[in-house]
Amino acid sequence: MYNRLFQNYTPLSVYWLGLLTADGSLGHNKRHSVCLGLKSSDGYLVETFTQDLGYSITYTKYRKCGNCNMAYALLYDKLLYNDILNMHLMWRKCKKLTSDNIPNIFFGHFLRGVFDGDGSISFANQNFRQHRFIIYGYYPFLYGLHLKLLAYDIHSLIFPGEGAYRLAIRQNNSFKLIYNLMYEYDYMFPYLVRKKLRMDLATNELKKTTSRDKCILRKYNKPAEYRLCQCCSQKYLVPKNKKQKCCSKKCSSIKRHSPLI
């Protein structure tokens with residue numbers, strides 16, 4: 001039974017509104033359908049969505065779409081449909097989206113929902129000192145996000161792309177601010193775990209690269225990534241294509257000869 005979650009603006013309703021904005025869809029008025037679809041590995045978030053709406057039955061289904069598996073929830077509820085319409089999300093939303101109606105106090109939650117659906121983090125160069133926070137979408141919608149972010153002293157740029165525009169953040173200070181804006185209360189509200197981990201990694205690597213890491217980068221001259229050592233749980237840098245599980249041979253030998261308990 002739908003619990004009228006979208007009747008008012010709350011941190012929870014605004015987050016799900018942002019995710020529906022990115023990866024959701026509304027059917028025609030006669031069908032009153034609401035659909036949220038994500039990758040099958042993110043199916044737990046689709047289940048959380050239906051639970052937060054008050055449904056006791058799991059509506060999450062899985063299917064193959066092209067080369068990837070999808071998890072989705074398709075709900076037919078006139079009351080739910082009308083509540084979402086009152087929040088200015090509409091049928092064929094791609095060219096009519098706006099964030100102007102979102103209260104500023106909840107904007108971070110809305111942005112987290114949009115990022116979980118249509119956002120990504122990329123490492124711009126090998127030494128991890130330049131990061132890009134990216135959200136894909138239609139230009140008027142991204143421009144509205146750009147103006148809202150300026151109120152938080154977060155500077156972003158909008159670039160044209162293939163099929164969609166990109167809102168990108170490159171400055172380290174802005175990157176830290178947007179991280180705090182989206183994940184200030186991450187222990188209380190839902191988020192996509194894999195993207196949160198990516199943001200954590202990028203935020204931690206804003207520090208200067210160590211001299212040892214610089215030597216590794218010069219030696220291999222290949223794209224590299226940080227991994228967690230399976231022996232000592234320390235972070236170490238290694239070329240992407242190299243199959244290495246421990247930070248050093250010495251660490252690996254200690255693990256091999258150590259007792260199980």
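Let's start inside a helix: Lys 196 is buried, with a relative accessible area of 8%. This is a predicted model, and Lys 196 makes a good entry point to it because this lysine is buried and has a charged partner. Lys 196 forms a salt bridge with Asp 200, their closest N and O atoms being 3.2 Å apart. Both residues sit in helix α7, 4 residues apart, about one turn of the helix. An α-helix has 3.6 residues a turn, so residues three or four places apart point the same way.

**Helix α7**

Helix α7 has 12 residues and reaches 16 Å from its first C-alpha to its last, close to the 16 Å expected at 1.5 Å a residue. Which residues of α7 are buried? They are Lys 195, Lys 196, Met 199, Asp 200 and Ala 202. Seen down the helix axis, these buried residues fall within an arc of 165 degrees, so they line one face of α7.

Lys 195, the neighbour of Lys 196 in this helix, which spans residues 193-204, has no salt bridge although it is buried. The nearest side chain of opposite charge belongs to Asp 116, 5.8 Å away; a salt bridge here needs a side-chain nitrogen within 4 Å of a carboxyl oxygen. Beyond its neighbours within four places in sequence, Lys 195 is in contact with Phe 115, Asp 116, Gly 117, Asp 118, Gly 119 and Tyr 183.

**Salt bridges**

Side chains of opposite charge can pair when their charged atoms come close. How many salt bridges does a search of the whole structure find? The search finds 3, listed here.

| Pair | Closest N and O atoms |
|---|---|
| Asp 83 and Arg 4 | 2.8 Å |
| Arg 194 and Asp 42 | 3.0 Å |
| Lys 196 and Asp 200 | 3.2 Å |

Take the pair of Asp 83 and Arg 4, joined by a salt bridge. Asp 83 lies in helix α3 (residues 78-86) and Arg 4 in the segment before α1, so the pair ties together parts that are 79 residues apart in sequence. Asp 83 is buried at a relative accessible area of 5%, while Arg 4 is partly exposed at 30%.

Helix α7 takes part in another pair, the salt bridge between Arg 194 and Asp 42. Arg 194 lies in α7 and Asp 42 in the loop between β2 (33-39) and α2 (43-52), so parts 152 residues apart in sequence are tied together. Arg 194 is partly exposed, at 39% relative accessibility, and Asp 42 is buried, at 3%.

**Backbone and a buried leucine**

Most residues other than glycine have a negative phi, and most peptide bonds are trans. Arg 4 has a positive phi, near 65 degrees. Asp 153 also has a positive phi, of about 65 degrees, although it is not a glycine. Asp 153 lies in the loop between α5 (139-150) and β7 (157-159) and is partly exposed, at 48% relative accessibility.

In helix α5 we find Leu 142, buried at 0% relative accessibility. Its C-alpha atom is separated by 7.7 Å from that of Arg 166, 24 residues apart along the chain. Leaving aside neighbours within four places, the contacts of Leu 142 include Ile 135, Ile 158, Tyr 165, Arg 166 and Leu 167.

**The whole chain**

The chain has 9 helices and 10 strands, and buried residues make up 43% of its 261 residues. Among contacts between residues at least 6 apart in sequence, 59% join residues at least 24 apart. The accessible surface comes to about 15,100 Å², of which 52% belongs to carbon and sulfur atoms.

Conventions: Residues are numbered from 1 along each chain as its sequence is written. This is a predicted model: local features need pLDDT of at least 70, side-chain atom pairs count only at pLDDT 80 or more; totals for chains, interfaces and linings use all residues. Side-chain values use heavy atoms; hydrogens and water are left out. Helices (H or I, at least four residues) and strands (E, at least two) are DSSP runs, numbered from the N terminus. Buried means under 20% relative accessible area, exposed over 50%, partly exposed in between (1.4 Å probe, protein chains only). Contact means heavy atoms within 4.5 Å. Accessible areas come from the Shrake-Rupley method with a 1.4 Å probe; for residues, only the protein chains shown count as cover. Lys and Arg count as positive and Asp and Glu as negative; His and the chain ends are not counted. The expected span of a helix is 1.5 Å times one less than its number of residues. The arc is that of the directions from the helix axis to the C-beta atoms.
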